[in-house]
Amino acid sequence: MLVLTRKSEESVILGGNIEVKVLSVRGDQVSLGFAAPNSISIYRKEVYEAIQEENRQAATRGDDAVKAIRKALRRNGDDPDASAEPRAS
Amino acid sequence: MRAIEDKTREGETGTCHRRLLPAINPGDVFFFPEGVTGFEHIRGLSVNWGDDTQPFLFLKALIPEDLTFACIDPFLVCPDFEPTIVGSDLKRLGLTHSNQAVFLGIVTLHEDPALATVNLRAPVVLNRRRRIGRQLACGPAIYPLKYPIGHAVCGAYAGHALRKPPIEECANCSASGVCSFYADGACYCDTGKEG
């Protein structure tokens, strides 16, 4: 990891077009400002990792998801042999 | 009571279908400039669904991996869902107004289908006209990563629900025998009563 030391009001530039600025330092809290192209998403790390982990748990392969859902929808029908009727929208 | 039950089945079902399905054609491919969180390399995903798996949809990666995310309309699961789309998020999607956005909640399935959950914290947001998609943490932060869906889809699709809802908690629904939406301790039936 690259380590730089900055004071309030000082900045770092990444990739030529992303700026991270130290806005203020109060006790152990640092307020950071970000200027970046809209195409770049910026997350607090713990939020990013939580969403990433949830996606990992949600991701399925092949038609596992379709099969699991068909099975779940059939299981709770009153008639186990009835197929789900499509509803008119 | 009969009237409420019918309206619940037809009206509520109609609402959720109008919200999502007519806006997208099955098989439509969307470009995700940053994939979804943790899968940033997956740039092309198609949205599909079948009659026998409604109300679920499937977000399927084209390349490079064989990946599918089961999804559901978050407003079906949580009728009060109010995602916050800020200006920079609109720009990221090429939208001019947040009411042009289409939302999909990624579903985490479970061996016990009643324990399936939907990610309301970070839904997939689509620009259906330009076929662009992103996963955005559009909060508020109170919406969880794991919002239970087991009960919520029951009323509108009674007969092929994931689990029969606990209707005894709403006086209106327990009388009619069906609960329109029941999630997180609240009943969203037509009378607007809280369960």
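# Close-up views of a predicted two-chain model

**View 1. Chain A: contacts and overall make-up.** In chain A, 0% of the contacts with a separation of 6 or more link residues that lie 24 or more positions apart. The model shown here and in every view below is predicted. Chain A contains 2 helices and 3 strands, arranged in the order β-β-β-α-α from the N terminus. Of its 89 residues, 18% are buried. The surface that chain A exposes amounts to about 6,700 Å², with 50% supplied by carbon and sulfur atoms.

**View 2. Lys21(A) and its surroundings in strand β2 of chain A.** Lys21(A) belongs to strand β2, which spans residues 18-26 of chain A. With a relative accessible area of 27%, Lys21(A) is partly exposed. Beyond the neighbours within four places in sequence, the contacts of Lys21(A) are Glu9(A), Glu10(A), Ser11(A), Ser31(A), Leu32(A) and Gly33(A). Arg74(A) is 53 residues from Lys21(A) in sequence, and the C-alpha atoms of the two residues are 55 Å apart.

**View 3. A nonpolar patch on the surface of chain A.** Val25(A), Val30(A), Leu32(A), Phe34(A), Ile40(A) and Ile42(A) together make a nonpolar surface patch of about 510 Å². Strand β3 of chain A, residues 29-35, contributes the largest share of this patch, namely 3 residues. Leu32(A) is a residue of strand β3 and one of the patch members. Its relative accessible area of 42% makes Leu32(A) partly exposed. Leu32(A) is also among the residues in contact with Lys21(A).

**View 4. Salt bridges within chain A.** Lys45(A) and Glu49(A) form a salt bridge in which the closest N and O atoms are 3.8 Å apart. The two residues lie 4 residues apart in helix α1 (residues 45-58) of chain A, so about one helical turn separates them. Lys45(A) is exposed at a relative accessible area of 60%, whereas Glu49(A) is partly exposed at 38%. A further salt bridge joins Asp63(A) to Lys67(A), with 3.6 Å between the closest N and O atoms. Asp63(A) is partly exposed, its relative accessibility being 40%. Over all chains, the count of salt bridges is 10.

**View 5. Chain B: contacts and overall make-up.** Chain B has 4 helices and 11 strands. Buried residues account for 57% of its 195 residues. Among the contacts in chain B with a separation of 6 or more, 51% are between residues 24 or more positions apart. The accessible surface of chain B is about 8,000 Å², and carbon and sulfur atoms account for 52% of that area.

**View 6. The salt bridge between Arg131(B) and Asp28(B).** The side chains of Arg131(B) and Asp28(B) form a salt bridge with an N to O distance of 3.5 Å. Arg131(B) sits in the loop between β7 (124-127) and β8 (132-135) of chain B, while Asp28(B) is in strand β1 (residues 28-31), so the pair ties together parts that are 103 residues apart in sequence. Arg131(B) is partly exposed, with a relative accessible area of 34%. Asp28(B), by contrast, is buried at 10% relative accessibility.

**View 7. The two faces of strand β1 of chain B and its pairing with β2.** Asp28(B) and Phe30(B) make up the covered face of β1(B), whereas Val29(B) and Phe31(B) form the uncovered face. Strand β1(B) runs antiparallel to strand β2 (residues 44-48) of chain B, and 4 bridges join the two strands. Within β2(B), Leu45(B) is the bridge partner of Phe30(B).

**View 8. The largest nonpolar core, with Val118(B) as an example.** In soluble globular proteins, nonpolar side chains tend to be buried together. The largest nonpolar core of this model has 29 residues, of which Ile72(B), Phe103(B), Val107(B), Val118(B), Leu120(B), Val125(B) and Ile149(B) touch the most other members. At least two residues of this core come from each of α2 (64-75) of chain A and β4 (68-72), α2 (74-77), α3 (87-93) and β5 (101-108) of chain B. Outside its neighbours within four places in sequence, Val118(B) has contacts that include Ile72(B), Val77(B), Val107(B), Leu145(B), Tyr147(B) and Ile149(B). A second, separate core comprises 22 residues, among them Ala23(B), Ile24(B), Val36(B) and Leu57(B).

How values were computed:
Residues are numbered from 1 along each chain as its sequence is written. Chains are lettered from A and ligands numbered from 1 in the order in which they are written. This is a predicted model: local features need pLDDT of at least 70, side-chain atom pairs count only at pLDDT 80 or more; totals for chains, interfaces and linings use all residues. Side-chain values use heavy atoms; hydrogens and water are left out. A salt bridge is a side-chain nitrogen of Lys or Arg within 4 Å of a carboxyl oxygen of Asp or Glu. Buried means under 20% relative accessible area, exposed over 50%, partly exposed in between (1.4 Å probe, protein chains only). Two strands pair if DSSP finds at least two bridges between them. A nonpolar core is a set of buried Ala, Val, Leu, Ile, Met, Phe, Trp, Tyr and Cys residues joined through side-chain atoms within 4.5 Å. Contact means heavy atoms within 4.5 Å. Patches are made of residues with over 30% relative accessible area and no salt bridge: like charges are joined within 9 Å, nonpolar side chains (Val, Leu, Ile, Met, Phe, Trp, Tyr) within 5 Å. Accessible areas come from the Shrake-Rupley method with a 1.4 Å probe; for residues, only the protein chains shown count as cover.
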